[in-house]
Amino acid sequence: ALSNWGAETFDATRNLFPFLEWFQGYFISGKVGLVKPDPQIFGLFLREHGLHAAEVVFIDDHHPNVETARRIGFHAVLFSSPTDLGEELARLGLL
């Protein structure tokens with residue numbers, strides 16, 4: 001999970017969001033000192049987790065973040081509604 005969450009608030013509130021357990025790891029901008037849509041945070045995320053952009057589905061509700069992820073090679077999805085997201089994830093074989 002790649003998020004612009006603050007370091008202190010993430011640690012204090014992450015247990016309030018059970019869906020966060022779905023992720024194998026977290027990349028929190030407040031902890032790394034970079035924020036989306038800076039391309040450096042995407043590159044650092046990939047290197048730290050040993051991933052290639054084409055292997056990653058990136059979901060965000062902020063168009064500039066999605067555009068940066070697409071330029072880098074992520075499969076990037078602009079979140080507009082739960083229904084649309086579910087359909088896209090099903091199309092990708094993830095649901």
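This passage looks at helix α4 and the nonpolar core of the structure. The model is predicted, so local features need pLDDT of at least 70 and side-chain atom pairs count only at pLDDT 80 or more, while totals for chains, interfaces and linings use all residues. Residues are numbered from 1 along each chain as its sequence is written, and side-chain values use heavy atoms, with hydrogens and water left out.

Let's start with Asn-65, which sits in helix α4 (residues 63–72); helices here are DSSP runs of H or I with at least four residues, numbered from the N terminus. Asn-65 counts as buried because its relative accessibility is 4%, and buried means under 20% relative accessible area with a 1.4 Å probe, protein chains only. Setting aside residues up to four places away in sequence, Asn-65 touches Lys-36, Pro-37, Phe-42, Phe-58 and Asp-60 (contact means heavy atoms within 4.5 Å).

Thr-68 lies in helix α4 and, at 5% relative accessibility, counts as buried. Pro-37 is 31 residues from Thr-68 in sequence, yet their C-alpha atoms are 6.1 Å apart in space. Beyond four places in sequence, Thr-68 is in contact with Pro-37, Pro-39 and Phe-42.

Now for the core. The largest nonpolar core has 14 residues, and Leu-2, Phe-42, Phe-45, Phe-58 and Phe-74 have the most contacts inside it; such a core is a set of buried Ala, Val, Leu, Ile, Met, Phe, Trp, Tyr and Cys residues joined through side-chain atoms within 4.5 Å. Two or more residues come from each of α3 (39–49) and α4, with α3 giving the most, 4 residues.

Terms used:
Buried means under 20% relative accessible area, exposed over 50%, partly exposed in between (1.4 Å probe, protein chains only).
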